[in-house]
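Thanks for coming. I have one structure to go through today, and I will keep to a few points. Here it is on the screen.

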Amino acid sequence: MTEKKQQTASCTKPARVRKVVLSSLCAFLLAACGASPESMLGSAKEYLAKNDKNAAAIQLKNALQKEPRLAEARYLLGKIYFEQGDFASAEKEFQRALDAGYAVDDVVPQLAKALLLSGQPEKVTGELSSHTLSKAEARADFITQQGYAWLAQKKLETAAESFRSALQAQPGFPAARIGQARLKAQAGDQAAAFEAVSAILQEHPDLVDGHVLRANLFQNMAKPEEAIAELEKVLVLRPNDLLTYQGLITLLLRVNKLDAAQQKVDELKKSVGSHPLTSYFQAYLDNQRGKADQAYENVQQALRQAPDYLPALMLAAALQLQRQDFVQAQANLAKALERAPNLDPARKMLVSAYIGLKEPTKALEVLQPLVKGRTEDPTLLALAGQVYAINGDFTRSEDYYQQAAKADPKNAQYRTRLAASRLASGSTEQGLHDLAAASALDANDVQPDIALVMAHLRRNEGQKALAALQALEKKKPNDPVTLNLKGGVMLSLKDAAAARKAFEQALAIKPDLLPAVINLARLDAGDKKPEAGRQRYQDFLAKNPKVGQAYLQYAEYLSQTGGTPPDVKAVLEKGLTLAPDAIEIRMALARMLAQSGDTKRALSLAQEAAAATPDDPAVMELLGRAQVAAGELQQALSTFSKLSARLPNSPTPFIAMADVQAALKNAPSAEQSLRKALSVKPDMLDAQQRLVALMVDAKRFDAALGVVREVQKQKPKQAVGFGMEAEVFLSQGRRSEAVAAYTEAYKREKLPQLVARLYALQQLQGQQAEAARILADWLKANPKDMLVRGLIADQNLAQSQFEQAAVQYRAMLEQNPKNVMVMNNLAWTLGKLKDKGAIPLAQQALALAPSSAVVLDTLGTLQVENGQLQPGVENLKKAVSLSPNQPQLRVNLAKALIQAGRKSDAKTELETALKNAPEKSPLRAEIDKLKATL
């Protein structure tokens, strides 16, 4: 055909392009012209004869596209993949060639090599061994590969038998003799192995495997230069051999010859062009040179080229662990282990990924195969110690850390972790001893000293903490961290002046040391100088505007030192503007806005956080909560469902799902979710209490009591199960049984809540004497208890027993003269009693808490009731401005506005209050009643 001749001719003309590109173009043109699969296979062979593997691969793929079962094309494509180092793809093509009927003698030895190099020795000794090979050399080759597979599985005797069988099949077979030499090396007889391989190389000087083994032996003999020379010989024999390049570059990297390694990588790039191996090694070199971002980009390129390439998967996972991208690391490591189940380094890293993902159960599951037998690897022992610690098994954790410290007795880090495990398990004295020993092991490692100081501080042992600090000061005398810690020790010793001095010295050395700023601000607040602390934060942020944590700390400080919600919000908003990547600020602001009723903006912020870190469990939970607050219950249910899949061993997502399902009136699904939570954690009290509540609502009282009995069985010495039983009885109107159940609860735990409940129930039952006795006994034993008095006072108010409530509030105020809420409640109670002291007391409370919406509401209401209409309305308005989404405050303001004759304004307030008032609530009924009067 004319067109074909013209296209073919164009391929033969000289052109200013590389030969590889030209050959590839010709291959495509031939395919486009409708050539037969056989002719394309022939063309591929011609390209292979010219060593043009890229063009050959294109032709083979074109042929296979037309005839997928063209066995020889599969085999040749497998060889190309193998020579290019893509062993996973080579394995697939060799297997397809075998399935298509290609010669067993040719393909099985190659398939065995591909399986070995992709980390699957079990397949070589397992399913592949069913094939029978007829040619002696092919049989010897395959049996030799089986020997290497047994070696990889650490079955040395079986490997030796395989090598002997190979030599019986083909006497003198060089690869089998190399295998025997490897066995000698594996047995520790390096000299015998070296002698054997040298003898083989005298007979077969071009035997690549021999030079590779001798290179390995030189490495074992700590002779890297000689090993490098051996691999250079291999490259002379096989100039484009990827495996040799891989070994040589790896060796150069191991001896830190980064420039030489880069030179070899560049040579490889010229030889093979864009290839996963070159991308991988470039990534490795970048990482070694501290170019983490470039390393990550290159290793991702390697995985785009070869998604199953094990070294790239491992390096990508290592870099992802460094970046704390635990989700992607876990995915890559799982993929690596799927390809190579016995790849221990991948399994170790996967354990670390699960630790980062806060999935201790999975971390323990993945760890198990690593620690089945006795191991002397201190890093693995330490990892096991960490896994058992986060699973709460401190006995095993201590055992593994102890083994790690024994295996590497000079490692201060292992001794420090052993100490932490012992401290957590209650072996305090031994743990402190270990920390002291760890401190002495390494003069440059300060972590044991810091841990020792902190351990003493947690035990309120100020003087011992000071002694430990002095050891730290000898190592790091003018270090800001040391000085900051010294300030903490001084605080524990009640020496605020010395603490302040230490914090200021730390800050003078390192002006951006945020912990020192935080500590100094706390001292300012303690000295009743909150403005000084605020100024510290403002100065710090002026110089360090992108430190997200500083905005969070400043916002918290403001909320603790009388800052108004708008002030706190302004700080977080500014932080969000100047440090937009700080997810924590976005999350904190979203929580605050949700609580204040700005659910739309809260949801928007949560969605932004989820877009930035979609797999972060904390962000997913925040998004779900924001969706609930915004009324988007179906979306929230979907989010919590995803979270449950993300955290299958946590009951929390299932409980959240149950809450949403209950709000959607889907009680059966809510119950199912709660039972899933209990299947994860059978004694999860939150789930049990919700389950009982669902059953009570459905009047399934016997089923509810069944759950209660389970709680009592799980927690026989705690009050909670009997308290739950009492509540079930109350829901049935069985007050006598409820009193008996609360009495049983009180016998187990003398809790103030139980006193209040018993007191209230006994009064309702007419058991006044019993109620008075239990209250008197409690207050006699706990004269300063505020909780019981507060609970009883609240119950008095609920029953309009204002005089009794006033007695309790006065007693509480005597103990805590500046307790704003007690003062506020007493003022409101006195108002109900028409006591003239109500307004002055409310004004006193407001002076202590000028930004309290509750106090402003109380004062405003009292003023309106006492004819002080104008100031009362103003205070009620202020209360609403501080808590705009509290409907009760708007109702109180509306009442005052009605009294002032401002019915239009009152109607506006009532309509706004109606939006936030719960359905079928007394408050909603009150709003409707008031609106009807307007």
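Start with helix H31, residues 514-526, and helix H33, residues 548-560: in this predicted model they pack at an angle of about 10°, and their axes are 11 Å apart. Angles under 35 degrees count as roughly parallel, so H31 is roughly parallel to H33.

Who makes the contact? From H31 there are Leu514, Ile518, Ala521, Arg522, Asp524 and Ala525. H33 supplies Gln549, Ala550, Gln553 and Tyr557. By class, the contact of H31 with H33 comprises 6 nonpolar, 2 polar and 2 charged residues.

Next, a pocket. The second largest one has a volume of about 820 Å³. Its lining comprises 30 residues, and those closest to the centre are Gln324, Phe326, Gly356, Asp616 and Pro617.

Which elements give two or more residues to that lining? They are helix H20 (326-339), helix H22 (360-367), helix H35 (583-596) and helix H37 (617-629). H35 contributes the most to the lining of this second largest pocket, namely 4 residues. Sorted by class, the lining has 13 nonpolar, 10 charged and 7 polar residues.

Last, confidence. The average pLDDT for the protein is 85, with 91% of the residues scoring at least 70. Where does pLDDT stay under 50? That is the case over residues 1-33, a stretch for which the model has 33 contacts beyond four places in sequence.

That is the end of my part.

Terms used
Residues are numbered from 1 along each chain as its sequence is written. This is a predicted model: local features need pLDDT of at least 70, side-chain atom pairs count only at pLDDT 80 or more; totals for chains, interfaces and linings use all residues. Side-chain values use heavy atoms; hydrogens and water are left out. Axes are lines fitted to C-alpha atoms, for helices over the stretch in contact, and angles run from 0 to 180 degrees between N-to-C directions. Angles under 35 degrees count as roughly parallel, over 145 as roughly antiparallel, 65 to 115 as roughly perpendicular and the rest as oblique. Contact means heavy atoms within 4.5 Å. Ala, Val, Leu, Ile, Met, Phe, Trp, Tyr, Cys and Pro count as nonpolar, Asp, Glu, Lys and Arg as charged, and the others, Gly among them, as polar. pLDDT is the predictor's confidence in each residue, from 0 to 100. On a 1 Å grid over the protein atoms alone, a cavity is a set of points where a 1.4 Å probe fits but cannot get out, and a pocket is an open set with protein on both sides within 12 Å along at least five of seven lines; lining residues have an atom within 4 Å of a point. Grid points are joined across faces, edges and corners, and a volume is the space filled by probe spheres set on the points.
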